[in-house]
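Dear colleague,

I am passing on a structure that I would like you to look through at your own pace. Please open it beside this message, and then read on for what was found in it.

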Amino acid sequence: MRPQSLGYIRVSAKELDGWRSFATGLLGLQVVDRSSKTVAFRMDNYAQRILIENDGNTTINTWGWEMEDAASLDAMAAQIEKAGYKVEKSSRALCDERMVKELVATIDPTGNSVEFYHGPTMAADAFVPSRNISGFRTAGIGLGHTVLHTPSVREAIPYYRDVLGFGVSDHFEQPFPACFFHVNTSHHSFALLQGEKDQVHHLMLELFSMDDVGQGYDIALGEEGRVAVTMGRHTGNDVISFYNWSPSGFMVEYGWGAKQIDPATWQPGDRPAGPSYWGHDRNWLGPEMREKAHQMTLQNARDGLRAPVQVLPGNYNEMHGACPWWDANVSGRRQ
Ligand SMILES: [Fe+2]
């Protein structure tokens, strides 16, 4: 038993104005005002996806994983309890706050609140982005993915794989150990990176259009200290993205073109090329590791490592062969 998707997150903040301007001016989320202490954001037809609470802290402290129905929620709760972890059925008040029908909660080994629910509330009106973007890709894959830093990826894997039932997508050891997990056709909805302490590393949001991401990059470049990782392309999910520092200390990856997988047949493997085909200069890394990651992308350039782009129907024009040389050689080479 595993969840269908990452449905929502709850974020702690020290104030809300920074989140309002970041989420609307750069990311393009829609504000749903809740109270003087909270602000919520929409990104699709769900009534809310991201809930920010001014509680004096800075992190993502709750993950909401969506289950298909009441029966699968019960089965998920039983699976977690059987593994020796406490599961509590949440109050009607908390369900109302999360805008779901039914909810159970557990605590992961590092103290994060992990919630499972079914029956999300859908908005009565259409999503209206706060800046002129095409929108967020969420259908079937959820709000995006989140990544945690943890002192030992190896020790953290069993909880997510065996207790929560996440499928392992792949892993790499260099420039830092990392393991990626899927719960649907998205290559990863969750990942672990090795770091000094347990903390949230980033949240990823996927846009329908590459131009949404590029224009977001232009906005981010105009804000001092906003860009955390330069534009680049990931191996693994093939996403083209950059990362922003959020007002709550973790990063928000803003990307386009994620690969789909078939969870029924997917086989986990190693990614020796590391995290990126190119780009992604990471200012969250120390100088030595940052250089190591950079050297890996230069090696990928020497190796000619590349992959086709992932496109949506109606969002591309197919080019005719660029030249006889390309047409003659395309079948025998990596595209
Ligand atoms: Fe990511």
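**What was found**

Leu 6 stands opposite Trp 65 in β5. The model is a predicted one, and that pair is a good place to begin reading it. Strand β1, which covers residues 5-13, lies under helix α1 together with other strands, and β1 pairs with β5 (residues 59-66) in the antiparallel sense over seven bridges. On following Trp 65 further, you will find that its bridge partner in β8 is Phe 116, and that β5 and β8 pair in the parallel sense over five bridges.

As background, the strands of a sheet pair through backbone hydrogen bonds, and they may do so in a parallel or an antiparallel way.

How are the eight strands ordered in the open sheet? The order is β2-β3-β4-β1-β5-β8-β7-β6, and the pairing is mixed. Because β2 (30-33) and β6 (88-89) stand at the edges with a single partner strand each, one side of each is left without a neighbour in the sheet. For β2 the antiparallel pairing with β3 (residues 38-42) runs over four bridges, and Phe 41 in β3 is the bridge partner of Val 31.

Two helices lie across strands of the sheet. Helix α1 (residues 17-27) lies across β1, β2, β3 and β4 (50-54), and runs at about 10° to β3, while helix α2 (residues 70-82) lies across β7 (100-107) and β8 (113-120), running at about 165° to β8.

With best wishes

Key:
Residues numbered from 1 in each chain as written. Predicted model: local features only at pLDDT ≥ 70, side-chain atom pairs only at ≥ 80, totals over all residues. Pairing = 2+ DSSP bridges. Contact = placed C-beta atoms within 7 Å. Axes fitted to C-alpha atoms, helices over the stretch in contact; angles between N-to-C directions.
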